[in-house]
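I opened my notebook to look up a few things in this chain. Come and read along with me.

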Amino acid sequence: MPGAKILKTMSSATCNGDEHSLKNWQPQWHIDKLRIGNFVCIGAESIILLGGNNTHRNDWFSNYPFMEHIVDSYQSKGDTVIEDGVWIGMRSMILPGIRLGEGCVIAAGSVVVKDVPPYTIVGGNPAKPIKTRFPENIIKELLKLKIYDLPEQDVEKLQKQLCASDIQALKQAVKQLRTQTPSSKLSN
Ligand SMILES: CC(C)(COP(=O)(O)OP(=O)(O)OC[C@H]1O[C@@H](n2cnc3c(N)ncnc32)[C@H](O)[C@@H]1OP(=O)(O)O)[C@@H](O)C(=O)NCCC(=O)NCCS
């Protein structure tokens with residue numbers, strides 16, 4: 001990687017670990033990001049794991065991250081994205097590079113290894129779909145409304161309709177808001 005070097009103050013394989021890395025390591029590759037949307041709830045003791053394969057190559061005979069081969073040992077899994085309105089249940093683990101779709105729910109204690117579609121509840125290890133929160137046509141309508149693209153104060157104004165399940169009432173309220181707030185990013 002251009003301009004990036006491992007400082008070889010300690011080169012032995014026995015010297016890996018946070019104490020060494022935090023002082024001597026410069027990123028050798030693109031660092032993945034964690035993107036968290038708005039109105040997201042994350043249960044206590046949940047873990048969002050980043051860092052691709054964490055330099056452990058299971059297609060190599062040894063998955064130990066030897067410093068001499070550390071650059072080749074990294075495989076990115078991309079950014080982790082938690083979209084707006086997601087609820088992550090307590091003690092869940094989200095593996096690297098996962099996208100949690102708008103309004104999805106991660107059941108307590110789940111290990112999420114695949115992307116979760118919007119407004120879907122998943123659970124278990126590995127987490128599998130349990131059910132959707134609403135019928136498919138309602139989910140489509142919700143996504144089309146792009147509620148969370150509204151300015152925060154507008155979302156606050158929608159509390160009455162958001163804390164209910166009447167899609168027509170929500171659509172009407174959003175439409176009204178959009179008329180009042182032309183700057184809103186709503187598309188319908
Ligand atoms: C996911 C959750 C919201 C589902 O609640 P619910 O809609 O009332 O669903 P139910 O309890 O009726 O369960 C529905 C199914 O999901 C399963 N399920 C529920 N929780 C589960 C979990 N944590 N892991 C795996 N499966 C789970 C149930 O066994 C049931 O399966 P079945 O249909 O085969 O019998 C809830 O179980 C949960 O995990 N909430 C998170 C609580 C939490 O972490 N709170 C603290 C942070 S704020």
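**Just past a helix**

I began with K146, which sits just after α3 and takes a positive phi of about 45 degrees. I kept in mind that the model is a predicted one.

**The helix itself**

Next I stepped back into α3, which covers residues 136-145. Which residues of α3 are buried? I found I139, L142 and L145. Why do they line one face of the helix? Looking down the axis of α3, I saw that its buried residues fall within an arc of 120 degrees, so they share one face. A handy reminder for my margin: an α-helix has 3.6 residues a turn, so residues three or four places apart point the same way.

Then I checked the face turned away from the buried side of α3, and there I noted the exposed residues E136 and N137. What do the buried residues of α3 pack against? I wrote down β11 and α6, the latter being residues 167-180.

**The hairpin**

Since β11 had come up, I looked at its pairing. Strand β10 (residues 120-123) and strand β11 (residues 128-132) run antiparallel, and four bridges join them. I spotted T120 standing opposite T132 in β11. Between the strands of this hairpin lie four residues, and G124 takes a positive phi near 100 degrees.

**The whole chain**

Last, I zoomed out. I counted six helices and eleven strands in the chain. Of its 188 residues, 18% are buried. For contacts between residues at least 6 apart in sequence, I noted that 43% join residues at least 24 apart.

Terms used. Residues are numbered from 1 along each chain as its sequence is written. This is a predicted model: local features need pLDDT of at least 70, side-chain atom pairs count only at pLDDT 80 or more; totals for chains, interfaces and linings use all residues. Two strands pair if DSSP finds at least two bridges between them. Helices (H or I, at least four residues) and strands (E, at least two) are DSSP runs, numbered from the N terminus. A residue is buried if 20 or more other C-beta atoms lie within 10 Å of its own, exposed if 12 or fewer, and partly exposed in between; C-beta atoms are placed from the backbone. The arc is that of the directions from the helix axis to the C-beta atoms. Two residues are in contact if their C-beta atoms, placed from the backbone, lie within 7 Å.
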